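Reader: I am new to this structure and would like to learn how to look at it. Could you walk me through it, one feature at a time?

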Amino acid sequence: MHSAFLENGNLITAKEYIPDLHGVQLFCLDKVCRVPLIFVQGNDDVSPHFKTSGKNDSVHKKNCGFSRKLSFQESVNKVAEFQQDLKNKGSKELLIRLNLNAIDPDYVAKSIERDEKEKDPTNQEEIKVKKDSGTPQSIGSLKAVKKLFLGYEPDILASIIISVKGKKIAISELIRSHEESHKALWEFNTYENVPYFVHGTVERIIRRDKVWFIKFDSSFSLVVFDRYFKHFTYKDDQLIGKNILAYGYLKKNNYNPDKPSTEMIIKSNKYLEFL
Ligand SMILES: [Zn+2]
């Protein structure tokens, strides 16, 4: 763990921690846990961190976010919880730039046209790893998002602020389950002109002449229009029952006023990642 609570209720990171100054009482930051922790000095291989000693009460409780490796969904949920809990408690912010232009077939076509003359610096395929913070400085694919949530502890993830389309947004606001995304959109809790990530299990697929719907449930669908059919090659059985992460802009569908639903427009296979 990279952060812990001090006796006075403030958060401290292992990098900033000075025992004489801050005291030796340290506690797990998960509210379901709060067990005592010990400090481990860093060396060339490991950065300074906090951990349980395994003795007496110093063992993470069962539902604590640090008790075991979390799945993608568990990690996303825990990070959302931490971003709420740790607000205004002195947590550090880690800024990561999100730019998924490279997955957009329209953008790629345009950039190939001008590619010979000027290389576009925003066109980043993969994440770049910055050595000192450990976390990437930028994210350029859905795979990188998945890797982030599976590769870092929830306290690090909870400190991540995403820079996207000129806005700075807590990572837990950008990645939600399809139920939460639907709710957020219809309760006006989303940013305009900002793309989102949703995760969920595909329930069924409807393929019409001009449009395909990949449905999580009756109120949330991913939508592929016919001009992008050639970029979306997954068969029904590759998707149904699968847990996926999808990326795109959220759109209200009030065709049926009694049953408002939410759509996310996607353009190719690259807008999905299997979890
Ligand atoms: Zn704990």
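Author: Gladly, and let us begin with an idea we will need. A nonpolar core is a set of buried Ala, Val, Leu, Ile, Met, Phe, Trp, Tyr and Cys residues joined through C-beta atoms within 7 Å. In soluble globular proteins, nonpolar side chains tend to be buried together. Keep in mind that this model is predicted. Its largest nonpolar core has 43 residues, and V79, V145, L157, I162, I171, F197 and A246 have the most contacts inside it.

Reader: Where does this largest core lie?

Author: Domain 2 (94–173) and domain 3 (181–274) both contribute residues to this core, so it lies between them. There is also a second, separate core of 13 residues, which includes M1, A4, L29 and F50.

Reader: How much of the chain is buried?

Author: Of the 275 residues in the chain, 30% are buried. The C-alpha atoms fill a box of roughly 70 × 50 × 35 Å along the principal axes. The chain has eight helices and 18 strands. Among contacts with a separation of 6 or more, 57% are between residues 24 or more positions apart.

Reader: How should I read a helix?

Author: Start with the general pattern. An α-helix has 3.6 residues a turn, so residues three or four places apart point the same way. Now take helix α4 (residues 142–151), where the buried residues are L142, A144, V145, L148 and F149. These residues cover an arc of only 160 degrees around the axis, which puts them on the same side of α4.

Reader: What do the buried residues of α4 pack against?

Author: They pack against α2, β8 (136–139), α5 (154–157), β12, β16 and β18 (272–274). You can follow one of them by eye: beyond its neighbours within four places in sequence, V145 is in contact with I139, F197 and L245.

Reader: Which residues are buried in helix α7?

Author: In α7 (residues 178–186) they are H178, S181, H182 and L185. Their arc around the axis is only 100 degrees, which puts them on the same side of α7. The cover over these buried residues includes β11 (175–177), β12 (196–201), β14 (211–217), β15 (220–225), β16 (243–253) and β17 (261–265). After α7 comes F188, with a positive phi near 60 degrees.

Reader: Several strands keep coming up. How do I read their pairing?

Author: Look for bridges between neighbouring strands, then ask which way the strands run. β12 and β16 run antiparallel and are joined by six bridges, with V198 opposite A246 in β16. β16 also pairs with β18 in the antiparallel sense, over three bridges. There A246 appears again, with L272 in β18 as its bridge partner. A246 is also one of the residues with the most contacts inside the largest core. A further antiparallel pairing links β16 and β17 over five bridges, where S261 in β17 is the bridge partner of N253.

Reader: What joins strands β9 and β10?

Author: They form a hairpin with two residues between them, and K165 in the turn has a positive phi of about 50 degrees. Strand β9 (residues 160–164) and strand β10 (residues 167–170) pair in the antiparallel sense over four bridges. One bridge to find is that of I161 with A170 in β10.

Reader: What is the order of the strands in the open sheet of three strands?

Author: The order is β2-β1-β3, with antiparallel pairing. β2 (11–13) and β3 (26–27) are the edge strands, each pairing on one side only. Strand β1 (residues 3–6) is joined to β2 by three bridges, and S3 stands opposite T13 in β2.

Reader: How do I read a single residue in a loop, such as K61?

Author: First place K61 in the chain: K61 is in the loop between β5 (49–51) and α2 (72–85). Then count its surroundings: K61 counts as partly exposed because it has 14 C-beta neighbours inside 10 Å. Leaving out residues up to four places away in sequence, K61 touches V32, C33, V35 and S67. V32 is 29 residues from K61 in sequence, yet their C-alpha atoms are 7.3 Å apart.

Reader: Where in the chain is confidence lowest, and where is it highest?

Author: Strand β7 (residues 128–129) is lowest, at a mean of 37, and strand β13 (residues 204–207) is highest, at 98. Over residues 119–133 the pLDDT is below 50, and this stretch has 28 contacts in the model beyond near neighbours in sequence. The chain averages a pLDDT of 89, and 92% of the residues score at least 70.

Definitions and conventions:
Residues are numbered from 1 along each chain as its sequence is written. This is a predicted model: local features need pLDDT of at least 70, side-chain atom pairs count only at pLDDT 80 or more; totals for chains, interfaces and linings use all residues. A residue is buried if 20 or more other C-beta atoms lie within 10 Å of its own, exposed if 12 or fewer, and partly exposed in between; C-beta atoms are placed from the backbone. The arc is that of the directions from the helix axis to the C-beta atoms. Two residues are in contact if their C-beta atoms, placed from the backbone, lie within 7 Å. pLDDT is the predictor's confidence in each residue, from 0 to 100. Domain bounds come from an automatic or database domain assignment. Two strands pair if DSSP finds at least two bridges between them.
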